[in-house]
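User: I am new to reading protein models and would like to learn how the labels are earned. Could you walk me through this one?

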Amino acid sequence: MKITILEPLAVEENKLEQMAKFITKEGHELEIYNTISKDDEEAKLRVKDTDILIIANSPLTGEVIRSARNLKMIAVAFTGYDHVELEACKERHILVSNAAGYSTTSVAELVYGLIIDLYRNILPMDKATRDGKTKAGYRYRDLYKKTIGVVGTGAIGKHVANIALAFGCKVVAYDKDENNSLKFSGVKYLDLEELLKVSDIVTVHLPLLESTRKLFGKKEFELMKEDAIFINTARGPIVDNDALAEALNENIIAGAGIDVFETEPPLKGDEKLLKAKNAIVTPHIAFFTEEAMVRRAEITFDNVNSWINKSPKNIVSN
């Protein structure tokens, strides 16, 4: 089998080769590209004779997928897979797996970095200190005893909820599938409207589906408390970011920490959130730590090896 890594995985090539040794020692070929394809035509050349394709989070179009005559498996080194045209995979009976779980702790940690930054004004205080100013004019709040609303209690949402409990917060949650271990820990499940009304902090951890696209807009922000903050480290299109910017600028809510957008950064200058009040924005880094990159490569190679040995895992489409 020929295995092609189509784009950088943020792990040094020699480390990738070492990780894949348990596969290549069986005679399988590993091809590594250290740049992102500049267009579909270049991607087609790279995949034309590969059997197994490894990608991260760059879009993979149906045109590229259909051009790969030998392609049998796509291993997505990422949790989300909405950037892969699954319809083309189904047409060709190509199995798709993802690297579930690699970034659970990393994303959760950034959530609390954003929350604490918003509550304690760390970024403005850094600037004030350098400018010879004091803490005057800003509001500072404890996280302790606040109500955190966790929207989506899969692996990441569950971890976020457990950290909130450790901080001494009250946790409410919304998900179509309730997690019994969280309920046992004292987490209360509510419908989404009620969660928005009672939460001091709302943090989103849902996949991007047709049912979740633009789930948060003007109506939802108006349901929230005036001093509430909103965090999104999930997928950008789940939120109407223009409506969020308006809610911030009109003091409908008090702050936001946003790591994901409608498109991948770099963002265009007309992105309204870039000029919104009390917004911290980061360029899709929640998943991106050195440790997480190693974990996702290890999970991805394990997915490939499992498929080769006829026991596929982490399947998202087949």
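Analyst: Happy to help; what follows is a set of questions about salt bridges, helix packing, burial and backbone angles. Please keep in mind that this is a predicted model.

User: Let's start with charges. Why is the pair Glu-42 and Lys-38 called a salt bridge?

Analyst: The test is a side-chain nitrogen of Lys or Arg within 4 Å of a carboxyl oxygen of Asp or Glu. For Glu-42 and Lys-38, the N to O distance is 3.5 Å, so the pair passes the 4 Å cut-off. A search of the whole structure finds 22 salt bridges.

User: Are Glu-42 and Lys-38 buried or exposed?

Analyst: Here the cut-offs are under 20% relative accessible area for buried and over 50% for exposed, with partly exposed in between. Glu-42 has 21%, so the label is partly exposed. Lys-38 has 68%, and therefore counts as exposed.

User: What makes Arg-139 and Asp-227 a salt bridge, and where in the chain do they sit?

Analyst: Their closest N and O atoms are 3.6 Å apart, and the requirement is within 4 Å, so the name fits. This pair links distant parts of the chain, 88 residues apart. Arg-139 is in the loop between α7 (122–130) and β6 (147–151), while Asp-227 is in the loop between α11 (218–223) and β10 (229–232). As for accessibility, Asp-227 has 27%, so this residue counts as partly exposed.

User: How do you know that Lys-214 and Glu-262 form a salt bridge, and which parts of the chain does the pair tie together?

Analyst: The N to O distance between their side chains is 2.8 Å, and the cut-off is 4 Å, so this pair qualifies too. Lys-214 lies in the loop between β9 (201–204) and α11, and Glu-262 in the loop between β11 (255–258) and β12 (279–281), so the salt bridge ties together parts 48 residues apart in sequence. Lys-214, at 38%, is partly exposed, and Glu-262, at 45%, is partly exposed as well. Elsewhere, Lys-2, Glu-31 and Asp-49 are joined into one network by salt bridges that share partners.

User: On to helices. Why is α6 called oblique to α8?

Analyst: Helix α6 (residues 104–120) and helix α8 (residues 155–166) pack at an angle of about 50°, with their axes 9 Å apart. Roughly parallel needs an angle under 35 degrees, roughly perpendicular needs 65 to 115, and roughly antiparallel needs over 145. The angle fits none of these ranges, so α6 is oblique to α8. Their crossing is right-handed.

User: Which residues meet there, and what kinds of residues are they?

Analyst: On the α6 side, the residues in contact are Thr-104, Thr-105, Val-107, Ala-108, Val-111 and Tyr-112. On the α8 side, they are Ala-155, Ile-156, His-159, Val-160, Ile-163 and Ala-164. By type, the contact has nine nonpolar residues, three polar and no charged.

User: Why is Asn-232 called buried?

Analyst: Its relative accessible area is 0%, and buried means under 20%, so Asn-232 is buried. Asn-232 sits in strand β10. Leaving aside residues up to four places away in sequence, Asn-232 touches Val-204, Val-239, Gly-257, Ile-258, Asp-259 and Val-260.

User: And what makes Lys-197 partly exposed?

Analyst: Lys-197 has 41%, which falls between the 20% and 50% cut-offs, so partly exposed is the right label. Lys-197 belongs to helix α10 (residues 192–198). Beyond residues up to four places away in sequence, Lys-197 touches Leu-223 and Lys-225. Lys-197 and Lys-44 are 49 Å apart in space, C-alpha to C-alpha, and 153 residues apart in sequence.

User: Last topic, the backbone. What is notable about phi of His-284, and is His-284 buried or exposed?

Analyst: Phi of His-284 is near 60°, a positive value in a residue other than glycine. His-284 is in the loop between β12 and α13 (290–308). With 9% relative accessibility, His-284 is under the 20% cut-off and so counts as buried. Lys-214 also has a positive phi, near 55°.

User: Which form does the peptide bond from Pro-265 to Pro-266 take?

Analyst: That bond is cis, with omega near 10°. Pro-266 is found in the loop between β11 and β12.

Methods
Residues are numbered from 1 along each chain as its sequence is written. This is a predicted model: local features need pLDDT of at least 70, side-chain atom pairs count only at pLDDT 80 or more; totals for chains, interfaces and linings use all residues. Side-chain values use heavy atoms; hydrogens and water are left out. Buried means under 20% relative accessible area, exposed over 50%, partly exposed in between (1.4 Å probe, protein chains only). Helices (H or I, at least four residues) and strands (E, at least two) are DSSP runs, numbered from the N terminus. Axes are lines fitted to C-alpha atoms, for helices over the stretch in contact, and angles run from 0 to 180 degrees between N-to-C directions. A crossing is left-handed if the near helix is turned anticlockwise from the far one by less than a right angle, and right-handed if clockwise. Contact means heavy atoms within 4.5 Å. Ala, Val, Leu, Ile, Met, Phe, Trp, Tyr, Cys and Pro count as nonpolar, Asp, Glu, Lys and Arg as charged, and the others, Gly among them, as polar.
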